[in-house]
Amino acid sequence: MTDDYLSRIGKLIRDARQHRGWTQSQLAEALGTSQSAVNRIERGNQNISLEMIARIGEALDSEIVSLGYAGPMHLRVVGGRRLSGAIDVKTSKNACVALLCATLLNSGRTTLRRVARIEEVYRILEVLNSVGVRTRWINDGADLEIVPPAELDLDAMDTEAARRTRSVIMFLGPLLHRMEQFKIPYAGGCDLGTRTVQPHMTALRPFGLEVTATDGMYHARVDRTVAPTRAIVLTERGDTVTENALLAAARHDGVTVIRNASPNYMVQDLCFFLEELGVKVEGVGTTTLTVHGVPRIDRDVDFSPSEDPVEAMSLLAAAVVTESELTIRRVPVEFLEIELAVLEEMGLDHERGIEYAADNGRTRLVDLTVRPSKLQAPIDKIHPMPFPGINIDNVPFFAAIAASAQGSTLIHDWVYDNRAIYLTELNRLGAHVKLLDPHRVLVEGPTRWRTAEMMCPPALRPAVVVLLAMLAAPGTSVLRNVYVINRGYEDLAERLNSIGAQIETFRDI
C-alpha cells in the first residue's frame with residue numbers, strides 16, 4: 001500500500017476508535033497487539049493487511065474501516081422543512097479545548113463532564129496522548145478522564161494533529177512550568193487569514209518565555225530567573241491570549257495581574273477550573289484578572305464546562321431561516337444578551353424561561369423558544385465587540401438572519417482578514433450578499449432560497465451558515481467536505497434531524 005493510503009486508513013481507524021470511546025490500548029488489547037503498533041497504524045507508519053483491517057472493523061463494530069470510505073464526508077440536505085420540538089445546547093468547544101490544555105498544569109487526575117465529541121477535541125487529545133498523557137472516555141463516552149505522566153515526551157508529539165488545531169498554542173502557558181526548553185508546531189485551524197501569535201509572546205515573556213520560529217516549529221526557552229514585576233497588559237483582548245496568560249500565571253508562585261483580559265465565556269470557564277485546582281482568580285468576567293498562583297498542583301478534580309453560546313446562536317439562526325418554532329434548551333444567556341437585544345429590535349418573537357445555573361454552578365442558563373417572525377433589517381450595522389458585545393463567532397449567523405429579514409443589513413467583521421468573503425457563498429443559495437471590502441458585506445433581504453451543490457467554506461462558522469441556508473432552500477442541496485463543521489459541532493446533522501431536518505451523511509466511493 002502507498003503511504004497515502006496508509007495515512008487515510010490510519011485516520012479512518014483512529015476516528016472509528018474515538019467514536020467508540022476506546023483508547024489505543026483498548027483497541028490493542030482487542031486485537032492482541034501492542035499500543036505502539038496501533039499508534040503506528042493510526043499514523044500511517046505501518047503496513048496493514050486487508051485481514052487486519054477486517055479485524056479492526058469487527059473489533060470497533062465499524063463499517064467505516066474499509067478502503068471504500070476513505071474519502072471526505074459530505075452532507076445531502078433536503079431543505080424547505082420546518083423544524084420543531086426542543087434541542088439541548090452542547091458544552092462549549094472553545095472551553096473544552098482550553099481545559100484540556102489546562103490539565104497539563106495538574107499532576108492529578110482530571111475528569112471533565114459532557115466534553116464535546118468534536119474533531120478539535122480529538123486533535124488535542126491526539127497531541128496529549130502522543131506526549132504521554134493518558135485519556136479515556138468514561139460513562140458511555142459522555143465524560144473524559146485525563147491523567148498526565150510524571151514526565152512529558154514532547155519529542156514524540158503528533159505534529160500532524162498539532163498542526164490541524166490552533167488551540168495547540170495554549171500549550172505554551174502550562175509547558176513553560178514543566179521544562180526549560182521545548183518546541184511545538186505552528187498553530188493551524190480555520191482559514192481566516194493571517195493571525196499573528198505575537199500577542200501570546202508578549203503575554204508570556206514576563207514569565208521568562210522566549211520563542212523563535214523556524215522550520216515550522218516554535219522553539220521555546222524559559223529563563224527561570226524572570227518573573228512578572230508589574231501587571232501584564234495584553235496587546236489584544238483575545239480569548240486564547242488571555243487563556244495562555246492565565247495558564248502561565250496559575251503556577252507562578254505569586255500574584256499576577258492581567259489587564260485588558262478577555263472576559264468571554266471560555267475564559268470564565270477556565271477561571272472556574274483553575275479555582276478547582278486551588279488557584280484563586282479575582283475579577284472573573286471583567287477585563288482585569290488577579291491570579292494567585294501556586295507552584296505545584298496535584299489534585300483530583302471533577303469539572304463541568306458550560307454550554308456553548310455560539311452553538312446556541314447557530315440553533316437560533318436555524319429556527320429563524322426555516323421559519324420554525326423551536327425550543328433551545330440550556331442556552332448560556334449572559335453570553336447572548338446583546339444578540340437577543342438586536343434580534344428583538346429586528347422583530348424576533350421569542351420567549352425565555354426562568355434562569356437556572358449550569359453544571360459549573362456559575363453560568364446562567366435559560367430555555368429559549370423561538371417562533372416564526374417577520375424580521376426587519378437593523379438600523380445600525382452588525383459588528384462584533386469583546387464581551388459583552390456581539391460575539392465574534394456569532395457575527396456570521398447574522399448574515400443568514402439578515403437574508404431572511406426585510407431590508408439592507410451591513411455586517412462588519414473587522415476581526416478576521418477574510419471571513420466576510422466566505423459569507424458571499426450564500427449567493428449561490430439565492431441570497432443577495434454584496435462584498436464591500438474584505439471585512440464588510442451588505443445583505444439584502446428577504447431571500448428566496450434555492451438549492452445548490454457546493455464545497456464547504458474552510459472556516460467553521462461560515463460553513464455552518466451555508467448549511468443553515470440549505471435547510472431553508474426547498475429541494476436537495478449538497479455540501480461537500482464538511483470536516484471543518486465537525487471540528488466545532490458534535491453530530492450536528494443528526495441533531496438537526498432530531499428536530500425535523502432531513503440531512504444525509506455520505507462519502508464518495
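Biologist: Where in the chain is Pro388?

Modeller: Pro388 sits in the loop between strand E17 (364-371) and helix H14 (395-403). Bear in mind that this is a predicted model.

Biologist: What makes the bond between Phe387 and Pro388 stand out?

Modeller: A cis peptide bond joins those two residues, with omega at about 15°. There is also a cis bond from Gly445 to Pro446, where omega is near 0°. Pro446 belongs to the loop between strand E20 (440-445) and E21.

Biologist: Since E21 came up, what is the order of the strands in the open sheet?

Modeller: The order is E21-E22-E1-E23, four strands with mixed pairing.

Biologist: Why are strand E21 and strand E23 called edge strands?

Modeller: Strand E21 (453-455) and strand E23 (502-507) each pair on one side only. On average, neighbouring strands here are turned by 20° against each other, direction ignored.

Biologist: How do you know that E1 and E22 count as a pair?

Modeller: Two strands need at least two bridges to pair. Strand E1 (residues 73-79) and strand E22 (residues 475-480) have 5 bridges, in the antiparallel sense, so they pass that cut-off. Within this pair, Gly79 stands opposite Gly475 in E22.

Biologist: What comes after E22, in the loop that holds Asn481?

Modeller: That loop runs between E22 and helix H17 (483-488). Asn481 has a positive phi of about 60° although it is not a glycine.

Biologist: Why is Asn481 called partly exposed?

Modeller: The relative accessible area of Asn481 is 34%. Buried would be under 20% and exposed over 50%, so Asn481 is partly exposed.

Biologist: And what makes Asn260 partly exposed?

Modeller: Asn260 comes out at 23% relative accessible area, and buried means under 20%, so Asn260 is partly exposed. Asn260 also has a positive phi of about 60° without being a glycine. You'll find Asn260 in the loop between strand E10 (255-259) and helix H11 (265-276).

Biologist: Let's try another asparagine. Is Asn94 buried or exposed?

Modeller: Asn94 has a relative accessible area of 15%. The limit for buried is under 20%, so Asn94 is buried. Asn94 is part of helix H5 (residues 93-102).

Biologist: How do you know that the side chains of Asn94 and Tyr265 make a polar contact?

Modeller: They come to 3.0 Å, and the cut-off is within 3.5 Å, so the pair qualifies as a polar contact. Leaving out residues up to four places away in sequence, Asn94 touches Glu243, Tyr265, Met266, Asp393 and Arg461.

Biologist: On to the nonpolar side. What is in the largest nonpolar core?

Modeller: The largest one has 154 residues, and those with the most contacts inside it are Phe171, Phe182, Leu246, Leu316, Leu479 and Ile485. Helix H16 (residues 460-472) gives the most to this core, 11 residues.

Biologist: Why do you say that this core lies between domain 2 and domain 3?

Modeller: Domain 2 (73-90 + 308-507) and domain 3 (93-303) both give residues to this core, so it lies between them.

Biologist: Which residues does Leu316 touch?

Modeller: Among the contacts of Leu316 are Ile328, Leu340, Leu343 and Ile401. Apart from the largest core lies another core, of 16 residues, including Leu27, Ala28, Ile53 and Ala59.

Biologist: Where does domain 1 run in the domain assignment?

Modeller: Domain 1 covers 2-60 in that assignment. Taken over C-alpha atoms, 37 Å separate the centres of domain 1 and domain 2.

How values were computed. Residues are numbered from 1 along each chain as its sequence is written. This is a predicted model: local features need pLDDT of at least 70, side-chain atom pairs count only at pLDDT 80 or more; totals for chains, interfaces and linings use all residues. Side-chain values use heavy atoms; hydrogens and water are left out. Helices (H or I, at least four residues) and strands (E, at least two) are DSSP runs, numbered from the N terminus. Axes are lines fitted to C-alpha atoms, for helices over the stretch in contact, and angles run from 0 to 180 degrees between N-to-C directions. Buried means under 20% relative accessible area, exposed over 50%, partly exposed in between (1.4 Å probe, protein chains only). A polar contact is a pair of N or O atoms within 3.5 Å; within protein, one must be able to donate a hydrogen and the other to accept it, and residues adjacent in sequence count only if both atoms are side-chain atoms. Contact means heavy atoms within 4.5 Å. Domain bounds come from an automatic or database domain assignment. A nonpolar core is a set of buried Ala, Val, Leu, Ile, Met, Phe, Trp, Tyr and Cys residues joined through side-chain atoms within 4.5 Å.
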